[in-house]
Amino acid sequence: MTLARILHLNGIAATVFEREEHALARPQGGTLDLHAESGQLALRRAGLEKEFLRIARYEDQGSRLYDKDGRLVLADDDDSGDRPEVDRSALRDILLASLPAGAVQWGRELREVYARPDGAYDLAFGAELLGPFDLVVGADGAWSRVRPLVSRYRPQYSGLTFIEFGIDDVDASHPALSELVGRGKIGVEGDGRSMIVQRNANAHLRGYAIFRVPADWAQRTFDFTSPASARARLIVEFEGWAPELVALIAASNDHIVARAIHALPIGHHWPNRVGVTLLGDAAHVMSPFGGEGVNAAMLDAAELARHLVEADDWTQAVRLYEQEMFERVMEPATNAAEAAATELSHIGLELTLEHVRQHAEMRAEMARAG
Ligand SMILES: Cc1cc2nc3c(=O)[nH]c(=O)nc-3n(C[C@H](O)[C@H](O)[C@H](O)COP(=O)(O)OP(=O)(O)OC[C@H]3O[C@@H](n4cnc5c(N)ncnc54)[C@H](O)[C@@H]3O)c2cc1C
């Protein structure tokens with residue numbers, strides 16, 4: 001939608017085909033921090049700065065690290081940073097509202113892309129074929145149906161599985177948990193387990209219990225058709241942790257789901273193919289530890305749009321976009337892979353602390369350098 005919006009602003013027609021039936025078809029996932037140089041930059045280019053400021057939660061940028069006994073080992077409650085949190089559904093709403101009617105076609109699940117003899121492409125949705133399109137941009141996530149046209153790679157399981165849970169109305173119903181998490185997010189590590197809990201808008205907490213396990217472990221271990229049983233089983237996994245941390249799981253609502261974390265290889269790239277490209281997770285899905293995925297996807301969109309708008313030759317614009325994007329994602333993809341590899345190691349907490357400190361130093365250095 002970011003790409004479609006910037007193209008529309010510049011008089012280039014674009015249609016978004018989305019498999020979900022409507023905007024409220026499913027919860028969109030956890031809160032995001034939008035970075036100044038990527039997510040926020042894209043929204044500025046999309047002319048949506050004012051709308052962004054209305055949904056940005058600068059007050060929720062805090063970060064705390066606990067050990068499994070509930071001891072606070074690091075706290076950063078500073079809310080003066082430039083990485084405000086936004087809820088995914090609120091972000092999607094502002095993009096959706098900015099597009100002309102009909103620019104997003106809901107309930108369209110892409111099955112396959114067909115190359116036509118004239119060099120353009122047709123898109124198959126069920127039995128229906130739509131086209132021709134000059135440029136097909138696969139912005140369809142980790143399991144992209146567009147990617148096979150340019151690349152043979154598929155994301156690999158990282159070894160980490162997240163079990164997602166959520167706590168509603170936390171300030172009124174669970175004040176002690178609200179206090180524990182504070183304004184932002186907490187991380188906890190110990191005994192080969194870890195937990196991240198983040199504050200979303202509307203007094204909602206979203207948590208991830210993190211395990212290094214085989215890819216089918218969650219489906220074998222939990223009965224997700226019975227939230228009460230899944231919750232009880234999850235609590236068993238955290239036996240020996242401080243009661244106030246286990247209480248986070250006990251307070252969860254019934255939305256308990258497993259997310260096996262997958263990633264494409266660092267440096268994933270493909271030879272340019274005229275009329276087809278990828279952005280976001282379709283191009284470079286990575287583990288979520290760096291909090292870069294949405295930011296990188298939105299920057300891809302803004303950069304592809306910029307090249308298309310500025311170029312005389314749109315095929316050259318796509319080539320340039322790809323070259324720059326392949327370079328640009330090397331660093332975040334490397335960092336994300338490193339974080340996934342060290343998470344839950346025998347010295348996990350120590351490594352996380354080191355990582356957080358390095359990051360803080362880097363940010364301070366960047367701020368000093370202006
Ligand atoms: C547990 C977890 C936590 C995360 N936390 C963060 C975070 O804090 N910060 C951050 O920046 N990133 C985070 N990420 C990563 C982030 O979610 C992704 O990088 C980001 O959503 C990628 O955006 P995208 O638009 O490329 O793909 P997606 O968000 O996956 O969007 C793809 C869209 O395409 C649609 N689609 C898919 N297939 C088809 C089809 N065949 N036909 C039509 N439509 C289709 C989907 O329905 C979806 O709407 C997290 C990821 C996970 C798993």
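This is a short walk through one protein model, from overall figures to a few strands and turns.

Before the details, some ground rules. The model is predicted, so to speak only of what is confident, local features need pLDDT of at least 70 and side-chain atom pairs count only at pLDDT 80 or more, while totals for chains, interfaces and linings use all residues. Residues are numbered from 1 along each chain as its sequence is written, and side-chain values use heavy atoms, with hydrogens and water left out.

Overall figures, then. The protein has 14 helices and 16 strands; these are DSSP runs, H or I of at least four residues for helices and E of at least two for strands, numbered from the N terminus. The radius of gyration is 21 Å, which agrees with the value near 21 Å for a compact globule of 370 residues. That radius is taken over C-alpha atoms, and the globule rule is 2.2 Å times the number of residues to the power 0.38. The C-alpha trace spans about 65 × 50 × 35 Å along its principal axes.

Of the 370 residues, 46% count as buried. Buried means under 20% relative accessible area, exposed means over 50%, and partly exposed is in between, with a 1.4 Å probe and protein chains only. The protein exposes about 18,000 Å², and carbon and sulfur atoms supply 51% of that area; the method is Shrake-Rupley with a 1.4 Å probe, and for residues only the protein chains shown count as cover.

On contacts, which means heavy atoms within 4.5 Å: taking pairs at least 6 apart in sequence, 70% join residues at least 24 apart.

Now strand β8, residues 121-125. Five of its five residues are buried, so β8 is largely enclosed by the rest of the structure. In a regular strand the side chains alternate between the two faces of the sheet. Here Tyr-121, Leu-123 and Phe-125 point one way, and Asp-122 and Ala-124 the other way.

Strand β8 has a partner on each side in sequence. Strands count as paired if DSSP finds at least two bridges between them. β7, residues 110-115, runs antiparallel to β8 and is joined to it by five bridges, with Glu-112 opposite Ala-124. The β7 and β8 hairpin has five residues between the strands, and Gly-119 in the turn has a positive phi of about 95 degrees. Strand β9, residues 128-133, is also antiparallel to β8, over four bridges, and Tyr-121 stands opposite Phe-133. That second hairpin has two residues between the strands, and Gly-126 takes a positive phi near 55 degrees.

One residue to look at in β8 is Asp-122. How buried is Asp-122, as a relative accessible area? The figure is 12%, so Asp-122 counts as buried. Beyond neighbours within four places in sequence, its contacts include Glu-112, Tyr-114, Arg-116 and Pro-132. Pro-132 lies in β9, and the peptide bond from Gly-131 to Pro-132 is cis, with omega near 0 degrees.

Next, the β12 to β14 stretch. Asp-122 and Asn-200 are 78 residues apart in sequence and 40 Å apart in space, C-alpha to C-alpha. Strand β13, residues 193-200, is mostly covered, with six of its eight residues buried. β12, residues 184-190, pairs antiparallel with β13 over six bridges, and Gly-190 stands opposite Arg-193. Two residues separate β12 and β13 in their hairpin, where Asp-191 has a positive phi of about 55 degrees. On the other side, β13 pairs antiparallel with β14, residues 204-212, over eight bridges, and Asn-200 stands opposite His-204.

The β13 and β14 hairpin has three residues between the strands. Asn-202 sits in that loop, with phi near 60 degrees, a positive value in a residue other than glycine. Is Asn-202 buried or exposed? Its relative accessible area is 71%, so Asn-202 is exposed.

Asp-169 also has a positive phi without being a glycine, at about 50 degrees. Asp-169 lies in the loop between β11 (156-167) and α5 (170-173), and at 40% relative accessibility it counts as partly exposed.

Last, His-35, in the loop between β2 (32-33) and α2 (39-45). His-35 is buried, at 0% relative accessibility. Leaving out residues up to four places away in sequence, His-35 touches seven listed partners, among them Gln-40, Arg-83, Glu-292 and Asn-295.
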